[in-house]
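Colleague: I should like to request a close look at the enclosed space inside this model and at the backbone around it. Please set out its lining residues and then place it beside the open pockets.

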Amino acid sequence: MDYILNQLKHLLAIPSPTGYTSNAAAYIEDELRKLGYEPSVTNKGGIVVCIGGEGNPLMLSSHVDTLGGMVAEIKGNGRLRMVNIGGLNPNNAETENCVVHCRMSGKNYCGTLQMNNASVHVNKDYSKTSREFNQMEIVLDEKTSSADETKALGIMTGDFISFDPRTTITESGYIKSRFLDDKLSAAILLGYAKRVKETERKLARKVYLYFTVYEEVGHGCAGAIPSDIEEIISVDMGCVGDGLACTECDVSICVKDSAGPYNYEVTTNLIRCANENNIGFAADIYPYYGSDADAALQAGHELKHGLIGPGVYASHGYERSHKEGVENTLRLIEAYTLLK
């Protein structure tokens, strides 16, 4: 658990909105090499590694790309209009600190996402204004009040914008941060790789790990899947909310999402495995969700597929999970793939 949480903190500290993920992917690659593996980098910038075993090849995928933004316009007042990358919601991104990553110079500039005319003592319509990105602006922490002054900083349309994750782990075991989707599961897979390397137990089948970088825009696992793979399980966030059984302390087993039901054999085996090993889990249907496993099938790969992950509350906002959800997810992965 200490290793997983340490890896989580490191990953969350690396800005990686979809399209700006090379540093996070390089960190994953380096960590896998430290563990004694030989990962490869895909053409799109993801990381694939075989961690051992023989027969019935399985791929476990997580993603290190996150929600974020991109500069859409340098406004006349020197501030920035942004567009979202992925499902970043303006209602819960307002007043968040952020960083603009200059494409050409490599410089970074801090700022805050605010409503236009954000002072409530000045703007009587502040509370009534719709929270939409075209009604909001990045207020840079630089002395700039014109488009020309901002351009002189080296900022241009197309520069990426990352948001402060605000990571906190409480004494009671709760893990709070933006982008637990899906850096929490990426850290779990690193912990699993460490356990496999260090344990005397043997893998019951051949296992690959795939850390993708385009999940938030829908095509993370669309390519670069090794030709011998027969089954894919996306290890992503489990949903917590009204109408669902999962809590932050459980591992969620998704039986259906917006793309349809997951493979009957895979989900049944996962549920059986959780029951037999006294693993805290919940089987749920996610109404507004798509995974890397879905993307693989939609790209034409003939695979059995499944989706699991630690329960995460307030998805795509300021998210919360728990150490017990992490432990239950790791235990389910181990039980599903390891011979005792």
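Colleague: What is the volume of the largest cavity?

Modeller: The largest cavity has a volume of about 40 Å³ (the space filled by probe spheres set on grid points joined across faces, edges and corners). The model is predicted, so local features need pLDDT of at least 70 and side-chain atom pairs pLDDT 80 or more, whereas totals for chains, interfaces and linings use all residues. Residues are numbered from 1 along each chain as its sequence is written, and side-chain values use heavy atoms, without hydrogens or water.

A search of the whole structure returns one cavity of 30 Å³ or more (a cavity is a set of points on a 1 Å grid over the protein atoms alone where a 1.4 Å probe fits but cannot get out). Its lining (residues with an atom within 4 Å of a point) consists of Leu67, Arg178, Phe179, Asp181, Glu216, His316, Gly317 and Glu319. By class, this lining has two nonpolar residues (Ala, Val, Leu, Ile, Met, Phe, Trp, Tyr, Cys and Pro), four charged residues (Asp, Glu, Lys and Arg) and two polar residues (the others, Gly among them).

Two of the lining residues, Phe179 and Asp181, also take part in unusual backbone geometry. Phe179 is not a glycine, yet its phi is positive, at about 70 degrees. Most residues other than glycine have a negative phi, and most peptide bonds are trans. Phe179 belongs to the loop between β11 (174-177) and α5 (helices are DSSP runs of H or I with at least four residues, strands runs of E with at least two, numbered from the N terminus). The side of the chain on which Phe179 sits is not open to solvent to any great extent by the accessibility value: Phe179 is buried (under 20% relative accessible area, 1.4 Å probe, protein chains only), at 8%. Further along, the peptide bond from Asp181 to Asp182 is cis, with omega near 5 degrees, and Asp182 lies in helix α5 (residues 180-198).

A second positive phi occurs at Ala314, near 65 degrees, again in a residue other than glycine. Ala314 is in the loop between β19 (304-313) and β20 (319-322), and is partly exposed (20% to 50%), with a relative accessible area of 29%.

The open spaces may now be placed beside the cavity. The largest pocket has a volume of about 500 Å³ (a pocket is an open set with protein on both sides within 12 Å along at least five of seven lines). Of its 25 lining residues, the closest to the centre are Cys239, Tyr288, Tyr289, Gly290 and Ser315. The elements giving two or more residues to this lining are β15 (238-240) and α7 (292-298), and α7 provides the largest share, four residues. The lining of the largest pocket comprises ten nonpolar, eight polar and seven charged residues.

The second largest pocket has a volume of about 150 Å³. It is lined by 17 residues, of which Pro15, Ser162, Phe163, Asp164 and Pro165 are the closest to its centre. Here β6 (97-101) and β9 (160-163) each supply at least two lining residues, with the largest share, three residues, coming from β6. Eleven nonpolar, four polar and two charged residues make up the lining of the second largest pocket.
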